[in-house]
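Welcome, and thanks for taking a look at this one with me. Here are a few points to read alongside the picture.

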Amino acid sequence: MKVTEHLQKAAGKTLFSIEILPPLKGRSMQEIYQGIDPLLEFNPSFIDVTYHREEYVYKKRPDGFLEKKSVRKRPGTVGICAAIMNKYGIDAVPHIICGGFSKDETENALIDLSFLGIDNVLVLRGDSIKTEGSFVPEPDGNAYAIDLLEQVVSMNKGQYLDDDLQGVAPTKFCIGVAGYPEKHFEAPNMRTDLKYLKAKVDAGAEYIVTQMFFNNEKYFEFVKACREMDINIPIIPGIKVLTTKKQLTVLPSIFHIDIPDDLEDAIEATKTNEDLKEAGIEWTIQQCKELKAAGVPCIHFYTMGNSEICRRVASQVY
Ligand code: FAD
C-alpha cells in the first residue's frame with residue numbers, strides 16, 4: 001500500500017513509522033529483524049530503508065603504495081525492503097538517490113523494486129562522497145532530486161528511457177521527498193530552498209519527510225511557510241533521540257540543525273550516560289506529544305539502530 005493511502009486511512013490519527021539503516025557489510029539480516037521486532041507493538045505503517053552510496057578508502061599494497069578502492073559499507077537496501085515486506089507484511093520504503101547512478105541504472109533499479117511489489121520510494125539527491133567537496137552527479141545521471149523524481153513520474157506514466165519499447169507497463173510508485181525545517185545547508189536561504197521544494201511537489205511528490213529537528217517551532221514554521229507557498233501535501237516530521245554528549249556537536253555538523261538551548265542545558269546537567277540518555281528520551285517524548293497534539297499525520301523515527309530508545313519514546317506517545 002502507498003504511504004499516502006496509509007495517511008488517508010488514518011483519518012487524522014498520527015501514524016508511527018521508522019527509518020532503518022542497512023547493517024554494515026558482512027553482518028546479518030537478523031540485526032534488522034531484532035531492530036524491528038520490539039517496535040511491532042506500535043504498528044508501524046511503513047519502514048524506510050536508507051541507501052548508502054560508495055565511499056573511497058585507501059588500502060596499503062604490499063609494495064607500500066596506497067590503492068584507492070571504492071567500497072559500499074551498507075549495501076542491501078532493496079533486499080532488506082523485500083525481506084521486511086515478506087516477513088512482516090509492512091510496507092517498506094527504499095530510499096533512492098541520484099549519486100552514483102546513471103539514469104539507465106536507476107531505471108533498472110526501479111524495475112527491480114516494481115517487480116518486488118514495492119509501491120513507495122523516497123527520492124533524494126544524496127550527499128557528496130566523503131572525499132569530494134560537493135555533490136557530483138554521474139555524467140549520465142540525475143543531478144537533483146527533482147530530476148530523479150521526474151524519471152520516476154515518467155515511469156509511472158509508462159515512459160521509459162528507450163522510446164522504442166512496446167507494451168510498456170507503467171510503474172505505480174508513491175513518491176516522497178525530503179524537506180528541511182532548518183534549510184538545506186547548500187541553499188542560500190529558506191525562500192530558495194522552499195522554491196525548489198515546491199518544484200518537487202509540482203513535479204509529482206506526494207508527501208514530504210523532514211530532516212530531524214529538536215525544536216518543534218522550526219517544524220511548525222516550516223509547515224506554515226510551505227502552506228503559504230501552496231505546498232499542500234502531508235509533511236511528516238522526522239524525529240531522532242539525542243543519546244550521547246558527542247551528538248551535541250556531531251548532529252549539527254552532519255545534519256546542519258540546531259540543538260535548542262534547553263536541550264543542551266539538560267544534557268550538560270547530567271552526570272552519567274544513563275541520565276543523559278533519559279534526558280534525551282524525555283525531550284523527545286515531550287516533542288512527540290506536542291506534535292501529536294498538533295495533529296501531525298505521522299511521526300517518523302530515525303532509529304539509527306537503536307530501537308530500544310525508540311520503543312521507550314513510542315510507549316509514552318502512542
Ligand atoms: P535536492 O532536493 O536535490 O536539493 C539539494 C540542494 O539543491 C538544496 O539546497 C536545494 O535547495 C537545491 N536545489 C534543488 N533543486 C535545485 C535546482 N533545480 N537547481 C539548483 N538548486 C537546486 N542521503 C542518502 O545518501 N541516503 C539516504 O537514504 C538519505 N535519506 C534521507 C532521508 C531524509 C528524510 C532526508 C531529509 C535526507 C536524507 N538523505 C539521504 C540526505 C540527502 O540526500 C541530502 O540532504 C542531500 O544533500 C539533499 O538531498 P535532497 O533530496 O533534499 O536534494
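1. A word on terms: helices (H or I, at least four residues) and strands (E, at least two) are DSSP runs, numbered from the N terminus. Helix H6 gives three residues to the shell around the ligand, the largest share. The elements that give two or more residues are strand S5 (91-97), strand S6 (120-124), helix H6 (190-202) and strand S8 (207-212).

2. Please keep in mind that this is a predicted model, where local features need pLDDT of at least 70, side-chain atom pairs count only at pLDDT 80 or more, and totals for chains, interfaces and linings use all residues. Residues are numbered from 1 along each chain as its sequence is written, and side-chain values use heavy atoms, with hydrogens and water left out.

3. Which residues are closest to the ligand? They are Asp127, Tyr180, His184, Asp193 and Lys200, out of 23 that surround the ligand (a heavy atom within 4 Å).

4. Oxygen atoms of the ligand have polar partners. A polar side-chain atom of Asp127 lies 2.6 Å from a ligand oxygen; for Tyr180 the distance is 2.7 Å. An N or O atom in the side chain of His184 is also 2.7 Å from an oxygen atom of the ligand.

5. Away from that topic, Asp37 lies in the loop between helix H2 (30-36) and strand S2 (46-49). Asp37 and Tyr88 are 51 residues apart in sequence, with their C-alpha atoms 9.4 Å apart. Their side chains make a polar contact at 2.7 Å (a pair of N or O atoms within 3.5 Å; within protein, one must be able to donate a hydrogen and the other to accept it, and residues adjacent in sequence count only if both atoms are side-chain atoms).
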